[in-house]
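User: I've just loaded this one and want a quick tour of the backbone oddities and the charged contacts. Could you start me off with a loop?

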Amino acid sequence: ICTAGSTKPVWKGSARICFPSLAVWCHAQSSTRNYGPVFEEQPVHTLFPEGSAEEKVTLACRARASPPATYRWKMNGTEIKMEPDSRYRLVAGDLVISNPVKAKDAGSYQCVASNSRGTVVSREASLRFGFLQEFSAEERDPVKITEGWGVMFACSPPPHYPGLSYRWLLNEFPNFIPADGRRFVSQTTGNLYIAKTEASDLGNYSCFATSHIDFITKSVFSKFSRLSLAAEDARQYAPSIKARFPADTYALAGQMVTLECFAFGNPVPRIKWRKLDGSQSSKWIGSEPLLQIQDVDFEDEGTYECEAENIKGRDTYQGRIIIQAQPEWLEVIADTEADIGSDLRWSCAAASWLPNGIRNRIEVSGGELRFSKLVLEDSGMYQCVAENKHGTVYASAELTVQALAPDFRLNPVKRLIPAARSGKVIIPCQPRAAPKATVLWTKGTELLINSSRVTITTDGTLILQNISKSDEGKYTCFAENFMGKANSTGILSVRDATKITLAPSSADINVGENLTLQCHASHDPTMDLTFTWSLDDFPIDFDKSEGHYRRASVKEAIGDLSIFNTQLKHSGRYTCTAQTVVDSASESATLTVRGPPGPPGGVVVRDISDTTVQLSWSRGFDNHSPIARYIVEARTLLSPKWKQMRTNPVNIEGNAETAQVVNLIPWMDYEFRVLASNILGVGEPSLPSSKIRTKEVPVPTCWSGKAGSHHAWGQLVISLSPTLRDYQNGDGFGYILSFRKKGTHGWLTARVPHAESLHYVYRNESIGPYTPFEVKIKAYNRKGEGPESLTAIVYSAEEEPKVAPFRVMAKAVLSSEMDVSWEPVEQGDMTGVLLGYEIRYWKDGDKEEAADRVRTAGLVTSAHVTGLNPNTKYHVSVRAYNRAGTGPPSPSTNVTTTKPPPTRPPGNISWTFSGSTVSIKWDPVVAKADESAVTGYKMLYRQDSHSAPTLYLASKSRIDIPVPEDFTHAFVQIRVTGPGGDGIPAEVHILRNSGTSMMVEDSVTRPVPHAVIITTNSLVMVALISYLEL
């Protein structure tokens, strides 16, 4: 419904134009701006739950208007009467319905807002009632199916509005069936689908339906249906699609579309989606049984396919998505002010509008409202309505017809009008007037008329040309209409013209060079002068030039332009413009920038063979420097980086537009591109050619993979190294294996049909452990077979060693280490490749299962074991091992580690200098009962912190050390040594003085660098070649 004031609307088809009430308004007589109603809030579609605790429904309506609007409401096109005892009442503009009832209140509502300026009607809003009834109380039939087959349970939901969400219960609440690849619950029908039944599916099933209305949720569930399974059918079968989306799915633009697809099959099928007439959109979400497309638009319209696939086959289903839309304005009307007596056309464009009739001076045609000779009574509110089955849209606007006497207060003639000598000046005359005013111009008392130098345009603008000093003076514009008259005056002042005195010169430079274009000008000294530059008529923005453009001078009359690090894009026509507020002058120059060639175009590949192709291309821009030669590059899927290719001819001259590419790999996908070069460098590459594949050839070379054995009992496993795509030379690539037990005559053959195969397994229970086989391999493809490889020896699975090492001996070394040695096993007794030996050792009293283990590699027959506990008895055994595991243990032997060294460091250290010798003494260290005996002492002597240390060994608690004459100080560390190892050191700092001194310091332990050990008389000389820790 479309009304304005009390006037009835006129409409035809799907477009309606509303005419206003006869409201009159004269701008010149009103100081307060009144306007018609404009909706700020309109009613929206409302869903009311049946049985809700809420006792009312509110439909909102609020309009901005001056004077304020009054409101009324319509239901299904009939005005609602607001009686005192009615369930309907108005709160401001809102309609409040008390105790809503579906039978009386469900329908379509509209708000009507009115004031003295006119009336507008809101969009329609529906009031509906939501409900969900209970499931049928009838018992549901049991379902029996063979285990491994698919099954469907029908939900058959009860009457409801709006839609529901569905889940299924198994046996009891809340044991809901999860959505996995094997089971699927359709949110369209509520049905449960199981692609392949399993033993765990036995039980009772109930459909659980939930309604969501605003913040109210209601759920109901059906009677249970029993599922029982017959004996399992393990046969596999191809997919069969059972849950299908509609053949035609209609959707509104902007909404989400959901398509469902689910299939039975064994194994459980995988679901894939594709759009047959387009590519996958980034708006696709979800996967497998559901395809959801967010915010659909017309690009998403088309045919979609669901594919269900397993190893036994595939099944497909197709359907269309058809996008529709609610009405949308292409052009809407807006508030308009128009002069009295003028004509007006208002456009309100929407799809499928039909012509309307004619009413007096107003004509409606094709969505256009036409007024002829407006009168004040045409002022008011107008509405345009467009609708289709998906909705209705409204557009409202107010027309104000004006009647005004001429008024220059907003747009007076400019008081001071400067103009350049010999130039042109334009003086507008734009009074506010309705209807349009008649305009006259005078200079002083002289009435101006059109001449060779004077022009008065139809809109009242005065144009003076070829200005001279005599044109200075007062110019007055007179405006008049039937409402009144007015005038406005300005003074014309003539100034000197602006001239270019030094114009820019054309130039020719190379890429990367710098240049300055000169531009000087003269002008009237009473005015400011500015310079602007443009390139090919586009203004140069110095702030966005990335440092390429700068002004070369700050002087007012100089506008030189400096160009730095010129690029090809800087070529063109540069225009310098010197400008004042009254005139301007311009001069231009051409800059040519030479650089590497541009990209060649149109790379075409033809004459494709197995190792060559013929390329052709078109010349690109030479960028003002002749092309010297071309380079061809290519890339493949396996090597995505572009690489230069060999060509025929080897050097492609700059005037060529074709070349042959050679040395390509057969049966390989290639893309090609071409680059041009000149004396200034290599240019940008062409666009890649279309992708091509070279032709197939038989495998040309002997197979280059490796053969080896795998560990599995009763079988021979031949390992393969996958052949790269580059070397397959054709489709249908695979291997032919020939093998036989070493020493036999007949060959067995096998075909491995896939290039990516990693091994071939030959099973035979008669194959003994570590049996040698001779193996030959050759490759083949669709074009033929390649030559056979050399014979390789491959062994069957190994067995653990059957023989143990013997004569195992263990000897304690220090307090935490021991040496273990043994006699090796005989190689002839091995059932595999001997990898080494495993030493197991455990404390006396512990079980052998808790033993620590150390492994050797290769054929060594001794090992050094560390990390033992001091003064502890250990049991030791040795085993051989190979890839299959460890062999039997040797007889165990025993060893007891020594006691630890004394923990107390030497004390009371003193020293005495005698010429070139220093004598150092200390108190002897006596071992405790749980410590090993002291057999001597070690002393580390260092001249300073940077010199190499020297190690001295002493059997007693003193030592004499030679020192140089200029000796001043030294650092000394002393510790005990014995069968249990070295003790904790004591460290002193020795200083030369006039007498005997003694100094005792706390012991420290620190690593020292390589040391030289010296002995004299009772000292032993030892060379240390590794770090010694004291």
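Analyst: Sure, take P67, which sits in the loop between β6 (62–66) and β7 (70–75). Strands here are DSSP E runs of at least two residues, numbered from the N terminus. This is a predicted model, where local features need pLDDT of at least 70, side-chain atom pairs need 80 or more, and totals for chains, interfaces and linings use all residues. Residue numbers run from 1 along each chain as its sequence is written, and side-chain values use heavy atoms, with hydrogens and water left out.

User: Got it. Is the peptide bond from S66 to P67 cis or trans?

Analyst: The S66 to P67 bond is cis, and its omega is near 0°. In general, most peptide bonds are trans.

User: Where else is there a cis peptide bond?

Analyst: N266 and P267 are joined by one, with omega about 5°. P267 falls in the loop between β26 (262–266) and β27 (270–275).

User: Switching to phi: what sign does N623 have?

Analyst: N623 has a positive phi, near 50°, and is a residue other than glycine. Its place is the loop between β60 (613–618) and β61 (629–635).

User: Is N623 buried or exposed?

Analyst: N623 counts as buried because its relative accessible area is 16%. The cut-offs, with a 1.4 Å probe and protein chains only, are under 20% for buried, over 50% for exposed, and partly exposed in between.

User: And what about phi at Y770?

Analyst: Y770 is also a residue other than glycine with a positive phi, near 55°. You'll find Y770 in the loop between β72 (759–763) and β73 (772–781). At 22% relative accessible area, Y770 is partly exposed.

User: Can you point me to a loop residue that counts as exposed?

Analyst: Try I449, which counts as exposed because its relative accessibility is 60%. I449 is in the loop between β44 (446–447) and β45 (454–456).

User: On to charges. How many salt bridges are there?

Analyst: The count is 42, taking a salt bridge as a side-chain nitrogen of Lys or Arg within 4 Å of a carboxyl oxygen of Asp or Glu.

User: Which residue does R673 pair with?

Analyst: R673 pairs with E633, and their closest N and O atoms are 2.8 Å apart. That pair links distant parts of the chain, with R673 in strand β66 (residues 669–678) and E633 in strand β61, 40 residues apart. Both ends are buried: R673 has a relative accessible area of 17%, and E633 has 15%.

User: Nice. What does the K776 and E788 contact look like?

Analyst: Their side chains form a salt bridge at 3.3 Å, N to O. K776 is in strand β73 and E788 is in the loop between β74 (784–785) and β75 (792–795), so the bridge ties together parts twelve residues apart in sequence. K776 is buried at 18% relative accessibility, while E788 is partly exposed at 35%.

User: Which residues form a network by sharing partners?

Analyst: E40, E41, R62 and R64 are joined into one network by salt bridges that share partners.

User: One last pair: how far apart are the closest N and O atoms of E472 and K469?

Analyst: They are 3.3 Å apart, in a salt bridge. E472 is partly exposed, with 29% relative accessibility, and K469 is partly exposed at 44%.

Note on methods:
Helices (H or I, at least four residues) and strands (E, at least two) are DSSP runs, numbered from the N terminus.
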